Amino acid sequence: MPVYDYVCQSCTNRVGIQQSYADYGVKPVKCPVCGSKALKRLINKVRIAKSEDRRMDDMADPAFMGDVDENDPKSMARAMRKMGSEMGEDLPPEFGEITDRLEAGEDPESIEQSMPELGDAGGGGGMGGMGGMGAGGAGDDDY
Ligand SMILES: [Zn+2]
C-alpha cells in the first residue's frame, strides 16, 4: 500500500499515511500524532521530476518487472502498484482505475482501448509510457 505524505496543519508534523488507491482522496485521513483532520497533502513534484530518469531506469530493469506475467492481468496489476509506490505520489487518476481493472481480471488490451489517451505516449508524464508497457510492451512486433 502506498504511503501518502501529509502535513498536519494543527501540530505541523509531517506524517506519512498508508492508504490504498481506492481509499486515497475518498476516505478522511487523520493526523496520527494529534488526531486532527486538518491534513494537507504534500506533493513532491520536484523530487519526482528530478529523479524520473533514474526511476525509469529502475523500472526497465528486468529484476524490477521480473515477476510479471503479461498474460496475467493480476500480475500486471501487482507490477503497476509496485511501480506506483516507486513513483511516489501524484499519479494520474487513470492509474488507479487501470490497476483496479487489471486486478478484476480485465483484459489489458480492452482497458487500453477504452482509454485511448493512454495509447500514444506523446511525452510528458510517465503514464503514457506505462500504458504502452501495460498492454503492448514488447509486443509491437507481434503485428
Ligand atoms: Zn497533528
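**Aromatic pairing and burial in the chain**

With a relative accessibility of 32%, Y24 counts as partly exposed, a value that comes, like every other value in this passage, from a predicted model. The ring of Y24 has a partner, since a search of the whole structure finds one aromatic pair, and this pair is formed by Y4 and Y24. A pair of aromatic rings is described by the distance of the centres and the angle of the planes. For Y4 and Y24 the centres lie 4.2 Å apart and the planes are at 5 degrees to each other, so the arrangement counts as stacked, the cut-off being under 30 degrees. Y4 lies in strand 1 (residues 3–8), whereas Y24 lies in the loop between strand 2 (14–18) and strand 3 (39–41), so the pair ties together parts that are 20 residues apart in sequence. The two partners also differ in burial, because Y4 has a relative accessible area of 4% and is buried, while Y24, as stated above, is partly exposed.

A further ring is involved in a different kind of arrangement: R41 lies over the face of Y6, at a distance of 5.8 Å from the ring centre.

The loop between strand 2 and strand 3 also holds S36. S36 has a relative accessibility of 15% and therefore counts as buried, as the limit for this class is under 20%. A polar atom of the S36 side chain lies 2.9 Å from the backbone nitrogen of A38. When residues up to four places away in sequence are not counted, S36 touches C8, S10, V29, K30 and C31.

In the chain as a whole, the secondary structure comes to six helices and three strands, and the order of these elements from the N terminus on is β-β-β-α-α-α-α-α-α. Among the helices, helix 3 (residues 93–103) has F95, G96, I98, T99, R101 and L102 as its buried residues. An α-helix has 3.6 residues a turn, so residues three or four places apart point the same way. Helix 3 is followed by G105, and the phi angle of G105 is positive, near 90 degrees.

Of the 143 residues of the chain, 35% count as buried. Among the contacts in the chain with a separation of 6 or more, 45% are accounted for by residues 24 or more positions apart. The accessible surface of the chain comes to about 8,500 Å², and 50% of this surface belongs to carbon and sulfur atoms.

Note on methods. Residues numbered from 1 in each chain as written. Predicted model: local features only at pLDDT ≥ 70, side-chain atom pairs only at ≥ 80, totals over all residues. Heavy atoms only, no water. Phe/Tyr/Trp six-rings, centres within 6.5 Å; stacked < 30°, edge-to-face > 60°. Helix = DSSP H or I, 4+ residues; strand = E, 2+ residues; numbered from the N terminus. Buried < 20%, exposed > 50% of the residue type's maximum accessible area, 1.4 Å probe, protein only. Lys NZ or Arg CZ within 6 Å of the ring centre and 35° of its normal. Polar contact = N/O pair within 3.5 Å; in protein donor to acceptor, adjacent residues only side chain to side chain. Contact = heavy atoms within 4.5 Å. Areas by Shrake-Rupley, 256 points an atom, 1.4 Å probe, with all protein chains shown as cover.
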